[in-house]
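Reader: Please take me through one part of this model at close range. I would like to see how the pieces of a chain pair up, and then how that chain sits with its partners.

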Amino acid sequence: MDRRTVLKGLAGAGSLAVMGGLPMPAISQGAAARTLRFVPQADLANFDPIWGTQYVVRNASAMVWDQLYGVDDKLQPQRQMVESEEVSSDGLTWTFKLRSGLKFHDGEPVLAKDCVASLTRWSNRDPMGIMLKGIQNELTAVDDKTFKWVLKQPYPKMKLALGKNNSPVAFIMPERIAKTDPFKQISEYIGSGPMKFARNEWVPGAKAVFEKFADYVPRQDKGSWLAGGKQMLVDRIEWVIIPDPATAAAALQNGEIDWWENPLPDLVPVLKKNRNIGVDIADPLGNIGSFRMNHTHPPFDNVKVRRAVLTALNQEDYMRALVGDDTSLWKPLPGFFTPNTPLYTEEGGDILKMRNIDAAKKLLAESGYANEPVSCIVAQDQTITKAQGDVTADLLKRIGMNVDFVATDWGTVGARRAQKTPHNQGGWEMFHTWHAGADCINPAVYPAIRANGDKAWFGWPNSPGVEKEVTAWFEAKSLDEEKAAVARLNKAACEDVIYAPTGFFLSYTAWRKNVSGIVKGPLPFFWGVSKTA
Amino acid sequence: MASYVLRRILVTIPVMAIVALFVFSLLYIAPGDPAAVIAGDQASPADVERIRQSLGLDQPFLVQFGGWLWRILHFDLGTSIFTNLPVTSMIAQRIEPTLSLMLLTLVMTLVVAVPLGVVAAWKAGSWIDRAIMAFAVSAFSLPVFVVGYVLAYVFALQLEWLPVQGYTPFSEGIWPWLQSLILPSIALGCVYIALIARITRASMLEVLQQDYIRTGRAKGLGQRDILFVHALKNAAVPIVTVIGIGVALLIGGAVVTESVFAIPGVGRLTVDAILRRDYPVIQGIVLMFSFLYTLVNLLVDLTYTLIDPRIRY
Amino acid sequence: MTDVTTSSVSVPPGLAIAQALPDLMMPVKVRRGVVGFLRNNPTVAIGGALLAILVLIGIFAPYLGTVDPTAIAPAKRMRPPSELYWFGTDALGRDVYSRVLYGTRVSLTVGLSVAWLATLVGLAIGLVSGFVRWADGVIMRVMDGLMSIPPILLAIALMALTRGSVGNVIMAITVAEIPRVSRLVRGVVLSLREQPYVDAAIACGTRTPMIILRHILPNTLAPMLVQATYVCASAMIVEAILSFIGAGTPPTIPSWGNIMAEGRALWQVKPYIVFFPAAFLSVTVLAVNLVGDGLRDALDPRMAKNI
């Protein structure tokens, strides 16, 4: 082949490619006003709310699936998909009747058997569900719109279990999808919620798209968190994943995105200064930072060593490192329960107010600490754990412990924390995490406070005192009894150091001023949110 | 010529096989257990074991490798552990932004760097030459992400000429597509431009000292003719070589650029997958990039025959 | 008539000696020694001086007005540069000036160690490959395989296998750089192998190790030295990128890449956290590149053709 011909051919092909793309008309103003672009706190890598417990999965699922009940802004469960319920006089039989007009995104009506299958799957993974499953006699559909749950003993917190917002949420899925093994991911994302999931536009790690479901029938009552009517005022919601906070801030300032779920606290001042951006507290229930110690082997199997760490701990250091210098964003937390909730207590929390390095050193010496190494695994890709990890390493060094700082990623932390062995056999002595305040309001939704040894959350604390009060709370018949039980629980938890709370902190959310209807809550609620051009 | 192409392709196969073995064994011996992560916080060790079996992670190395290789040959790159989607479709979804970015950077680099190098060689020793070379050396030393942030701040945030982040697909119009890629291309291309400019200059310098250039000048040929028609064509071989090798730079830099400008490309997918230990995705991407790179080098070798008729295979 | 130069040689009759032409050329100042070399090659001088300053900064960091670079003080976080904190403080209240100066140690250690190790191993592999023909095919295929994985991806993947530590970072980057060095050495060896003096040495019965040591090795040193500087520069940038992504040196050790990674989210509000380490990194890489360029021009101008 002649060289010139080939070169000419290549040049020709090149110019054709350049001219090939015909410019499409830009999206009209009207269409843009009906699309909400949202930056979530993390990537939506998978989308099964029963299988995956990440907050971001729960937040997205709340749009696509619906619940039988939903908690309102007072954390009381209200009816959502359920029209009425009946409890037998002995408290053992619950009969639920569904609302009419409920449809799934594929056009099928929502039937009782879908609810039965969904609740069966849910009760295999959720702590309250597991309790229900343990006392269950039968869970069956009576007819197309009614199903019943017969128990062996009363369970007064049934509506809370079905309506809570804590993961895994009791979402209702079509029967064929709900029959998937609870330990495997579902592969179809069909629900009966107000938004459909645009599966073909999903790019994990980059974008997730939700479109308004025209056949959704919202309740007539006023919407409040997960309760009441869920009115969608936009046609399309695009979740844009921007992992770099600086880029997300710039995009919000430029108007390339409309709502940023979790702006970095240090960037908030520059956002506040922008006339087109509104900033407010995202969730009054906030978050509780924490690090957990491994109670199964030295040095933290010794309660004195744990108490020494707590004595030296200065929550202010942690909170400043986490949310910066704005003191309205954090509060010291001498306890384990969320402030501004009915069960909040500071009973027994004096040890967290001490902040005394010398007393800590003394306590450490008394405990007989023999310089055992403490391997502290810290996830670097989560801002919260990274900041906490740096402060803890410094704290432990100052009281004279032998720190081995293991910087890794959240995935590895997730894997490693499940090992009970010491660090030289692939285990750990300390890891950092945090809990949404909504998950720390009572013992039912709070696996991290349980202290039943091997069955407890990672760290495996063993405290009969705490467990006694958990049972007391479940059996409490009035709010006062609940409060008393939780106060004693708090005291026991502080004495035995179930874990170390590093403080209570709030986070902001930020949006462009042409977006309205954003409310504070434990998750971003998309109903009631509208946008002008 | 056809036999040369065939021979080169055959040589690629053992190279790719070595890459495949390397990639697979790398991740096989890696610590971190995806089964535990998938099982989640509340799972018991029995649950984790069940998941491990369902993923096939408990079988011996050769069995896993054999199965994996067999599937690769059928273009089945497996299923992502975290998203449950086929790896091939995950890559296909995100390949357009990365390829667009790399292609645009390549074109822009050639358009900018080659003339710079030619001018520097032509005016060798003068202040123009020194200025160009000083710029080249400095650009070579700047980290990609710093350049990216500065560009984004100045051109996107302050002047508002261009978007800060994101990618507009080609199908939505050529101008929006270009707009979303200009800043990332400049950031990515800085180092590449410096490299190509230096190589062009060095290669041109060598050629300009040749006798036939002097003859051409003596014949009265214009400067432009001498530089571009005679000198550049003869200097092209090393330049094209470096372009080929530099594609590796582009791939590596694309990873960072995509993070800074939030471009939903394969580079970012790689980093996410590696930090999450999503084995099938990592394997698929590294294989794909290696294949791409090998392809580019094959094209470079074939281009030699077009540029330099003396090279015949 | 022309002048006749005096000459000690007796002139045969009938011949004239040409007039000595006036000496129009300037006397060439022959510069000898290291100083002379530096004056002849200003790029090496500038680059070398910069590099020397940075090495000294790294070595004497504790005495240059620094504090403990890992001491956190959350109450004093995010202060802009001032008299007390010359480069300001970062998000945890650490002094950026101290961190940057101590970071010099890490980055220089990584750069120089990688250059050194990659050169040694690459040299060994290249020599073996160039000389031992049957091994050449296998080795070069393996090197090609490694080279076709983009180096940053390779380094990230290797780091994902192990814990973050300076040693592991050095290992990972070295593995990514070895193929190129070995290719270069092999190329030189292959071309030298055909030289007549090597043939002569073989003919004399010199054993292969001696040939390598006496004839091949000295000729590889020049291109190797130049390549080593490029490897050093490249290693420092790769370390910064690895830390930026989160797969590099552990956060307890201040390195420029780490400082920039931690400050990246804040560059809009507190640009100095990224600016100072970026400036130091750029200057260091620039210095190394200048040394490399200068050496290349000085040692073998024909090297300009090869990368």
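Author: What follows starts with the strands of chain A, moves to single residues, and ends with the interfaces and the confidence scores.

This is a predicted model. The predictor gives the complex an ipTM of 0.79 and a pTM of 0.81.

Start with chain A as a whole. Its secondary structure comes to 16 helices and 23 strands. The C-alpha atoms of chain A fill a box of roughly 85 × 70 × 55 Å along the principal axes. A compact globule of 533 residues would have a radius of gyration near 24 Å, and the 26 Å of chain A agrees with that. Buried residues account for 51% of chain A. Contacts also reach across the sequence. Take the contacts in chain A between residues at least 6 apart in sequence: 70% of them join residues at least 24 apart.

Now the close look. Strand E20 of chain A spans residues 500–505. How many of its residues are buried? Six of the six are, so strand E20 of chain A is mostly covered. E20(A) has a partner in strand E15 of chain A, residues 287–293. Five bridges join these two strands, and they run antiparallel. One pair to find on screen is A:Phe291, which stands opposite A:Ala500 of E20(A). E20(A) also pairs with strand E16 of chain A, residues 330–331. That pairing is antiparallel too, over two bridges. Here A:Trp330 stands opposite A:Phe505 of E20(A).

Next, a sheet of chain A. It is open and has seven strands. Their order is E10-E11-E12-E1-E13-E21-E14, and the pairing is mixed. Which strands lie at the edges? They are E10 (195–197) and E14 (277–281) of chain A, each pairing on one side only. Within the sheet, look at strand E1 (residues 35–39) and strand E12 (residues 236–240) of chain A. Four bridges join them, and the two run parallel. A:Phe38 has its bridge partner, A:Trp239, in E12(A).

Now a helix residue of chain A. A:Arg121 is found in helix H4 of chain A, residues 112–122. Is A:Arg121 buried or exposed? It is buried, because 25 other C-beta atoms lie within 10 Å and 20 are enough to count. Beyond four places in sequence, A:Arg121 touches A:Ile50, A:Ala178 and A:Pro182. A:Ala170 is 49 residues from A:Arg121 in sequence, yet their C-alpha atoms are 9.1 Å apart.

Chain C offers a residue to set beside A:Arg121. C:Gly122 is found in helix H3 of chain C. It has 26 C-beta neighbours inside 10 Å, so C:Gly122 counts as buried. Leaving out residues up to four places away, C:Gly122 touches C:Ile178, C:Val181, C:Ser182 and C:Val185. The C-alpha atoms of C:Gly122 and C:Arg180 are separated by 7.8 Å, with their positions 58 residues apart along the chain.

Turn to the interfaces. Chain B touches chain A through 45 residues of chain B and 37 residues of chain A. Several helices of chain B each supply at least two residues to that side, among them H2 (34–39), H3 (45–55) and H5 (87–122). H11(B) gives the largest share of it, five residues. By class, this side of chain B has 24 nonpolar, 10 polar and 11 charged residues.

Chain B touches chain C as well. That contact takes 41 residues from chain B and 34 residues from chain C. Helices H1 (2–28), H6 (127–141) and H12 (279–307) of chain B are among those that each supply at least two residues to this side. The largest share, eight residues, comes from H10(B). By class, this side has 33 nonpolar, seven polar and one charged residues.

Last, the confidence in chain C. Its pLDDT averages 83, and 93% of the residues score at least 70. Among its elements, helix H3 (residues 96–131) of chain C has the highest mean pLDDT, 91. Helix H1 (residues 33–40) of chain C has the lowest, 76. Where does pLDDT stay under 50 in chain C? It does so over residues 303–307, for which the model has 14 contacts beyond four places in sequence. Where pLDDT is low, the predicted coordinates should not be read in detail.

Terms used:
Residues are numbered from 1 along each chain as its sequence is written. Chains are lettered from A and ligands numbered from 1 in the order in which they are written. This is a predicted model: local features need pLDDT of at least 70, side-chain atom pairs count only at pLDDT 80 or more; totals for chains, interfaces and linings use all residues. Two strands pair if DSSP finds at least two bridges between them. Two residues are in contact if their C-beta atoms, placed from the backbone, lie within 7 Å. Ala, Val, Leu, Ile, Met, Phe, Trp, Tyr, Cys and Pro count as nonpolar, Asp, Glu, Lys and Arg as charged, and the others, Gly among them, as polar. The radius of gyration is taken over C-alpha atoms; the globule rule is 2.2 Å times the number of residues to the power 0.38. A residue is buried if 20 or more other C-beta atoms lie within 10 Å of its own, exposed if 12 or fewer, and partly exposed in between; C-beta atoms are placed from the backbone. pLDDT is the predictor's confidence in each residue, from 0 to 100.
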